[in-house]
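Hi,

Here is the structure I promised to send over. Have a look at it first, and then read my notes on its charged side chains below.

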Amino acid sequence: MWAAVPLVVGIGIGVLIGGSLQSRSHQNTGASPTTSPVPDQLEYTDMPCDPGSSVLVLHSLEGAMPEADVRVLVDYETMWVEHRESANPALRGQSAFLSRRDDVCPVIVPEDTRFTQFIWIGPFPSETAPALCEALLKVTGKNCIPAPVVR
């Protein structure tokens, strides 16, 4: 079973990346060049800061990261949560969210100002959040930080 995880991850990333690729060649087709549609703007969400709850911070992103790469990460994490929801009922119906630094709970904002965007899921009751990193097959404290939103 563990051998299938890298395969699923690879396929998921390939679908996310490959799904947006189109042939840009118009040679010998007789078709006139068309402009490709402008990609949707990133959707930002305010992080809820309710006492007794936590979020799982999955990525802290630097401001220089291209929007297309941010979108791939958000889409990938949403797909991964959906794929792993059978591992823990608390993951059902969850998706990844993107927040700007100013819209994150104050106790979560790192001192390092390079990090301007955060990808997270939640909120969850604080007592269940750490087990969700394991359900997502992530390393707690590395690529999955269960963070209480209020101290």
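**Salt bridges in the model**

A network of salt bridges links Glu62, Asp112 and Arg114. Before you go on, keep in mind that this is a predicted model.

How many salt bridges are there by the rule used here? The count comes to 3. If you are new to the idea, side chains of opposite charge can pair when their charged atoms come close.

**The network**

Let's start with Arg114, whose side chain meets that of Asp112 in a salt bridge, at 2.6 Å from N to O. The side chain of Arg114 also meets the side chain of Glu62, and there the N to O distance is 3.4 Å. That second pair links distant parts of the chain, with the two residues 52 apart. On one side you have Glu62 in strand β1 (residues 53-62), and on the other Arg114 in the loop between β2 (97-100) and β3 (115-125).

Are these residues buried or exposed, or something in between? Arg114 has a relative accessibility of 47%, so it counts as partly exposed, the class between 20% and 50%. Glu62 is partly exposed as well, at 36%, and Asp112 is partly exposed with a relative accessible area of 28%.

**The pair of Glu77 and Lys138**

Now turn to Glu77 and Lys138, whose side chains meet in a salt bridge with 3.2 Å from N to O. Glu77 sits in helix α2 (residues 67-84) and Lys138 in the loop between α3 (129-135) and β4 (145-148), so this pair ties together parts that are 61 residues apart in sequence.

Try colouring these two by accessibility. Glu77 has a relative accessible area of 2%, so it is buried, which here means under 20%. Lys138 comes out at 14% and is therefore buried too, by that cut-off of under 20%.

What does Lys138 touch, leaving aside residues up to four places away in sequence? The list is Leu58, Glu77, Trp80, Cys133, Asn143 and Cys144. With Glu77, the side chains of the two residues also make a polar contact, at 3.2 Å.

**Where to look**

If you have a few minutes, open the model and find the Arg114 side chain, then pick out Asp112 and Glu62 as its salt-bridge partners. After that, go to the loop between α3 and β4 to find Lys138.

Happy to go through it together whenever it suits you.

Cheers

Key:
Residues numbered from 1 in each chain as written. Predicted model: local features only at pLDDT ≥ 70, side-chain atom pairs only at ≥ 80, totals over all residues. Heavy atoms only, no water. Salt bridge = Lys/Arg side-chain N within 4 Å of Asp/Glu carboxyl O. Helix = DSSP H or I, 4+ residues; strand = E, 2+ residues; numbered from the N terminus. Buried < 20%, exposed > 50% of the residue type's maximum accessible area, 1.4 Å probe, protein only. Polar contact = N/O pair within 3.5 Å; in protein donor to acceptor, adjacent residues only side chain to side chain. Contact = heavy atoms within 4.5 Å.
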